[in-house]
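Reader: Could we go through the empty spaces in this model, and then one of its helices?

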Amino acid sequence: RRAHAYIGAQAATGYDISPAAEWLLDNFHVIDSQLLAIHEGLPRSYFRALPVLQAEPLAGLPRIYGLAWAWVAHTDSGLDEELLEQFLSAYQSQRELTLAELWAVPTTLRVVLVENLRRLAERAATLQAARDAAHRWVERVPQAGDPQELEAMGELLARRGVLEPFALTVQRRCEEFASEVAPGVRQWLARHLPDPAGALQRQQQQQAEDHQSVRNAVTTLRGLDEVDWRGVLLRSSAAVADLRQLPVFAAEAEA
């Protein structure tokens, strides 16, 4: 919510925001509705009663959370009903899931997808903040272009991992600097942005990947209600597969 509010405020100022940030702004109502569905569909008492993982990095979390996390990570938040069914069956060829775990799959996927969107929203907001800091520094009067301040800001942004977008924004506005400060700024850029073309390419690639991930996650959240979860989970259940071998169960199923 904080990232959404910040991105919205930045968009209102007229500064460009990334495609991923635009998706988050336009579809935040979808995320909001999913939070309600999570609380209604997966009470904490139910979630805490599920078998937990013992190994890092997800030790102590429900095993089904680890499975949903792996699915989201390997499909980039996509949704393919047939592939998901195969994924659940493949997992159970090694470790059988309980029916309680299987019925928790849809809501746990919602949890992991929202968490993934939280991570992407935070990154979009942090990158936007770095660019905004560059704009504010350039536009500050009368101290715009102070090399010492620029060095201090660079160290702080480097610790946050967003020095590159800050430096790229400063470089794009280099022509605005007064002649007495421009040499110092260019020297700073030469040290911290030695390959502007490569840095720009990396930023564009990251933006494209984040845009795709946000779009996938939002689209999947919208489509979860359309999945035949009863069919997917029953067809994936090892216990149900064993029961199907019994004549009585087969007769009931046909009836």
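**Pocket, cavity and helix**

Reader: Which elements each supply at least two residues of the lining of the largest pocket?
Author: They are α1 (2-13), α3 and α7. Helices are DSSP runs of H or I of at least four residues, strands are E runs of at least two, and both are numbered from the N terminus. A pocket is an open set of points on a 1 Å grid over the protein atoms alone, with protein on both sides within 12 Å along at least five of seven lines, and lining residues have an atom within 4 Å of a point. This is a predicted model, in which local features need pLDDT of at least 70 and side-chain atom pairs 80 or more, while totals for chains, interfaces and linings use all residues. Residues are numbered from 1 along each chain as its sequence is written, and side-chain values use heavy atoms, without hydrogens and water.

Reader: Which of them gives the largest share?
Author: α7 does, with 6 residues. The lining has 15 residues in total, and Arg1, Arg2, Ala3, Arg118 and Ala121 lie nearest the centre of the pocket.

Reader: What is the volume, and what classes line the pocket?
Author: The volume is about 470 Å³, taken as the space filled by probe spheres set on grid points joined across faces, edges and corners. The lining has 10 nonpolar, 1 polar and 4 charged residues. Asp, Glu, Lys and Arg count as charged, Ala, Val, Leu, Ile, Met, Phe, Trp, Tyr, Cys and Pro as nonpolar, and the others, Gly among them, as polar.

Reader: How many cavities of 30 Å³ or more are there?
Author: There is 1, with about 60 Å³ of space; a cavity is a set of points where a 1.4 Å probe fits but cannot get out. Its lining includes Ser18, Arg123, Arg131, Gln207 and Asp210. α7 (99-139) and α11 (196-223) each give two or more residues to this lining, and α7 gives the most, 5.

Reader: Turning to α3, which residues are buried?
Author: Phe28, Val30, Ile31, Gln34 and Ile38 are buried, meaning under 20% relative accessible area with a 1.4 Å probe and protein chains only, where exposed is over 50% and partly exposed is in between.

Reader: Why are they on the same side?
Author: They cover an arc of only 145° around the axis, which puts them on the same side of α3; the arc is that of the directions from the helix axis to the C-beta atoms. His29, Leu36, His39 and Glu40 are exposed on the other side.
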